[in-house]
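Subject: Structure handover

Hello,

Here is the structure you asked for, with my notes below it. Please open it alongside the text.

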Amino acid sequence: MADGTLPSPPFVPISGLPNFRDIGGYPVSSSNSDGNSADDAGGKTTAKVVRRGVVYRASEPSKVTDAGVSELQRLGVAKVFDLRSAVEIERGAKDGYGWHVKEWEGAARHFVPVFLDQDYSPEALALRYRNYSSEDSQGFVAAYIDILAAAASPSNSYKPFKTILEHVAARPSSASPLPTPCLIHCTAGKDRTGVICGLILSLCGVPDEVVTHEYSLTDLGLKERHEELIAHLMDNPALRDQPVAARRMVSSRKEAMLGLLAKIHETYGSVEKCVLDLGLLSLDDIEQLRKNLVVDVNDDEVMPWQKHAKLLL
């Protein structure tokens, strides 16, 4: 267990960077692979999982310490995809929270905002916050559909989700046989980060139940930042004097991701078809992504996600 309470893997203790975890290790269903578990030559049972050590996720890294940076360098994190908008970053730095942009040697930061600056009008913020703070999961589902639409919009020249997906679907080369390890983050590392990580896992063939579990782990990983994030949310007029609604906003209920995946299936037929229709990847790209990220391991190396799920009860 990391830090005494967090299961490791998937969590990796990084000083000053809460909610840092690897999205690898999760089982892939046979429908998106070339078969079920099988015995290898030594008689051990093998299974297909998402490759570890390629895609990491976390909250914003402004307070990562020198020791934390050293650990990120040891992990080989070479790309950092920042999904926040310029306005969001500016406000986070000015409002007394010290959420400045953090860069370090060996990692290239890529500014790939989901929401453009014009999306931060008071009216747009009020609507988005109302969705997030809704008492049922449908508010989150609506907000996550909004995230997907904004990230895939032709008017968003940063192409955030396309950029990330193309990275993990990169063709191998002599210099880089696999995609270089990357970190994806927004502010909390929960919503925008959760949607793109959900797409990656689903494209690999991870079952919806497991994708939603991985999403819900943010409830564990973000605990130490909950009060800070709630205070930040309540600075906005849309949530002023509404601590209960603000607390709901920092939650990661499985029903939210399950609802998003259900909506994608209803609208497009599958996550793969969604990614194709939105122009985020080609069919060849999706196949390459699976070649890059789906690997065979011994059964005892599969993430014990059912055991971790008990920590969320």
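Where is Asn-19 found? Asn-19 sits in the segment before strand E1. Keep in mind that this is a predicted model. Asn-19 has a phi near 65 degrees, a positive value in a residue other than glycine. Is Asn-19 buried or exposed? Its relative accessibility is 2%, so Asn-19 counts as buried, the cut-off being under 20%.

The segment before E1 holds two more points to check. Pro-9 lies there, and so does Pro-10. The peptide bond from Ser-8 to Pro-9 is cis, with omega near -5 degrees. The bond from Pro-9 to Pro-10 is cis as well, with omega near 10 degrees.

Asp-241 also has a positive phi, about 65 degrees, although it is not a glycine. Asp-241 is placed in the loop between helix H9 (226-233) and helix H10 (243-249). Asp-241 is exposed, with a relative accessible area of 68%.

Overall fold

The protein has 14 helices and 8 strands. Its radius of gyration is 19 Å, and the globule rule gives 20 Å for 313 residues, so the protein is as compact as a globular protein of that length. Along the principal axes, the C-alpha atoms fill a box of roughly 65 × 45 × 40 Å. Buried residues account for 52% of the 313 residues.

Contacts reach far along the chain. Taking contacts between residues at least 6 apart in sequence, 79% join residues at least 24 apart.

Surface and charge

The exposed area is about 13500 Å². Carbon and sulfur atoms supply 51% of that area. There are 34 positive and 42 negative charges. How far apart are the mean positions of the positive and negative charges? They are 1 Å apart.

Cores

The largest nonpolar core has 73 residues. Which residues have the most contacts inside that core? They are Tyr-144 and Phe-161. Setting aside neighbours within four places in sequence, Tyr-144 is in contact with Tyr-132, Lys-190, Asp-191, Val-195, Tyr-215, Ala-256 and Leu-260. Another core, of 15 residues, lies apart from the largest one. Among its members are Leu-17, Phe-20, Tyr-56 and Val-69.

Helix H13 and the loop before it

Helix H13 covers residues 283-293. Which residues of H13 are buried? They are Asp-285, Ile-286, Gln-288, Leu-289, Arg-290, Asn-292 and Leu-293. An α-helix has 3.6 residues a turn, so residues three or four places apart point the same way. Both helices and strands cover the buried residues of H13. The cover includes strand E3 (45-50) and strand E8 (294-298). It also includes helix H5 (160-168), helix H6 (192-204) and helix H12 (271-277).

Ser-282 is in the loop between H12 and H13. With 34% relative accessibility, Ser-282 counts as partly exposed. How far is Ser-282 from Glu-272, C-alpha to C-alpha? The two are 9.6 Å apart in space and 10 residues apart in sequence.

Best wishes

How values were computed: Residues are numbered from 1 along each chain as its sequence is written. This is a predicted model: local features need pLDDT of at least 70, side-chain atom pairs count only at pLDDT 80 or more; totals for chains, interfaces and linings use all residues. Side-chain values use heavy atoms; hydrogens and water are left out. A nonpolar core is a set of buried Ala, Val, Leu, Ile, Met, Phe, Trp, Tyr and Cys residues joined through side-chain atoms within 4.5 Å. Buried means under 20% relative accessible area, exposed over 50%, partly exposed in between (1.4 Å probe, protein chains only). Contact means heavy atoms within 4.5 Å. Helices (H or I, at least four residues) and strands (E, at least two) are DSSP runs, numbered from the N terminus. The radius of gyration is taken over C-alpha atoms; the globule rule is 2.2 Å times the number of residues to the power 0.38. Accessible areas come from the Shrake-Rupley method with a 1.4 Å probe; for residues, only the protein chains shown count as cover. Lys and Arg count as positive and Asp and Glu as negative; His and the chain ends are not counted. The place of a charge is taken as NZ of Lys, CZ of Arg, CG of Asp or CD of Glu.
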